[in-house]
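User: Hello! I am new to this structure and would like to learn how to read it. Could you walk me through it, one feature after another?

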Amino acid sequence: AVPIVVEAHNTGVDPVTSVVLTTTISAELSIVAATYNIDGGDPEPCTQADTVVTCTIGTMAQDQVATANIETTAESVGTATIDASVASPDDEGDSASASVMILGVTDMQLDASPEQSPVTVGNEMPVTAVVTNNGPDDATGVRVSSELPDGTTFVSATPDTGSCEASDQDLLICELGDMAADGDDVNVVLVLTADEAGMVDV
């Protein structure tokens with residue numbers, strides 16, 4: 001749930017009549033319910049038409065605060081915008097805007113296995129890593145990082161998409177870009193040289 005709170009404050013010295021508080025919410029959010037209250041009193045219902053919530057408040061005395069409480073749920077990834085305005089025939093009104101970043105939910109999976117075992121010292125040891133986005137949302141800017149195993153020398157790393165680079169600190173970083181939910185896997189073929197006998201964890 002994404003709660004939205006909009007306040008209108010009568011800062012003048014006189015009451016204002018026929019006050020209407022209108023809030024327009026972009027399509028990234030879906031409106032579930034909306035009410036308003038004055039100075040924390042009992043909630044009253046607002047009306048909804050598509051992405052617009054209208055709270056007909058009526059008369060507000062000097063220094064009263066009307067608060068609209070709008071319950072929404074996130075429908076899509078992106079930046080949701082909220083545009084609110086308050087109007088009265090007794091006042092020039094006011095407006096305000098805000099935005100909410102809606103982040104996606106992803107389940108990233110990484111599996112790695114050597115293409116052959118055992119490997120003789122001095123020979124190359126290819127390792128294939130498979131990156132999967134199990135969703136439910138698309139993933140952006142996917143990065144895979146891994147420490148290169150002891151007892152090996154880095155030769156190369158080739159991904160299906162994007163690029164990989166090994167640092168002087170024996171850290172492999174692969175920038176794979178965007179991955180769609182439940183889309184194609186990205187394979188990274190890592191080639192190492194076995195420098196010494198023993199078990200190597202990959």
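**Reading the structure step by step**

Analyst: Happy to help. The structure holds one salt bridge, and please keep in mind that the model is predicted.

User: Which residues form the salt bridge, and how far apart are the closest N and O atoms?

Analyst: Look for Glu175 and Arg143: they form the salt bridge, and their closest N and O atoms are 2.6 Å apart. Glu175 belongs to strand S15, while Arg143 sits in strand S12 (residues 139-147), so the pair ties together parts that are 32 residues apart in sequence.

User: Are Glu175 and Arg143 buried or exposed?

Analyst: Relative accessible area is the number to check, with exposed meaning over 50% and buried meaning under 20%. Arg143 has a value of 54%, so Arg143 is exposed. Glu175 has 33% and is therefore partly exposed.

User: Next, the cysteines. What is a disulfide, and how many disulfides are there here?

Analyst: A disulfide is a covalent bond between the sulfur atoms of two cysteines. In this model the count comes to two disulfides. Cys46 is joined to Cys55, with an S to S distance of 2.1 Å. Cys164 and Cys174 form a disulfide too, and their sulfur atoms are 2.0 Å apart. Cys164 is in strand S14 (residues 163-166) and Cys174 in strand S15 (residues 171-179); the two are ten residues apart.

User: How do I write the pairing of the bonded cysteines in sequence order?

Analyst: Number the bonded cysteines of the protein in sequence order, and the pairing reads 1-2, 3-4.

User: Why is the disulfide of Cys46 and Cys55 called right-handed?

Analyst: The handedness comes from the torsion about the S-S bond. For Cys46 and Cys55 this torsion is about 100°, so the disulfide is right-handed. For Cys164 and Cys174 the torsion is about 110°, so that disulfide is right-handed as well.

User: And are these cysteines buried or exposed?

Analyst: Cys46 counts as buried because its relative accessibility is 13%. Cys55 has a relative accessibility of 1%, so Cys55 counts as buried too. Cys164 and Cys174 are both buried.

User: Let us move on to sheets. How do strands pair in a sheet, and in what order do the four strands of the open sheet come?

Analyst: Strands of a sheet pair through backbone hydrogen bonds, and they do so either parallel or antiparallel. In this open sheet, the four strands follow the order S10-S11-S16-S13, and the pairing is antiparallel. At the edges are strand S10 (106-114) and strand S13 (152-159), each of which pairs on one side only. On average, neighbouring strands of this sheet are turned by 20° against each other, direction ignored.

User: Can you take me across that sheet, one pair of strands after another?

Analyst: Of course. S10 and strand S11 (residues 124-136) run antiparallel and are joined by eight bridges. To find your place, see that Ala112 stands opposite Ala129 in S11. S11 then pairs with S16 in the antiparallel sense, over eight bridges, and Met125 stands opposite Leu192 in S16. Finally, S13 and S16 run antiparallel with seven bridges between them; here Thr153 stands opposite Thr193 in S16.

User: How many of the nine residues of strand S16 are buried?

Analyst: Seven of them are buried, and strand S16 (residues 186-194) is mostly covered.

User: Which strands form a hairpin, with two residues between them?

Analyst: A hairpin is found by following the chain from one strand to its partner. S8 and S9 form one, with two residues between them. S8 and strand S9 (residues 91-102) pair in the antiparallel sense over ten bridges. Within this pairing, Ser95 in S9 is the bridge partner of Ser85. Strand S8 (residues 78-88) is also joined to strand S2 (residues 16-25) by six bridges, and these two run antiparallel. The bridge partner of Val20 in S8 is Ala87.

User: One last residue: what does Thr67 touch?

Analyst: Thr67 has its place in strand S7 (residues 65-74). Leaving aside residues up to four places away in sequence, Thr67 touches Val5, Val6, Glu7, Thr35, Tyr36 and Asn37. The relative accessible area of Thr67 is 13%, so this residue is buried.

Note on methods. Residues numbered from 1 in each chain as written. Predicted model: local features only at pLDDT ≥ 70, side-chain atom pairs only at ≥ 80, totals over all residues. Heavy atoms only, no water. Pairing = 2+ DSSP bridges. Axes fitted to C-alpha atoms, helices over the stretch in contact; angles between N-to-C directions. Disulfide = S-S within 2.5 Å. Buried < 20%, exposed > 50% of the residue type's maximum accessible area, 1.4 Å probe, protein only. Contact = heavy atoms within 4.5 Å. Salt bridge = Lys/Arg side-chain N within 4 Å of Asp/Glu carboxyl O.
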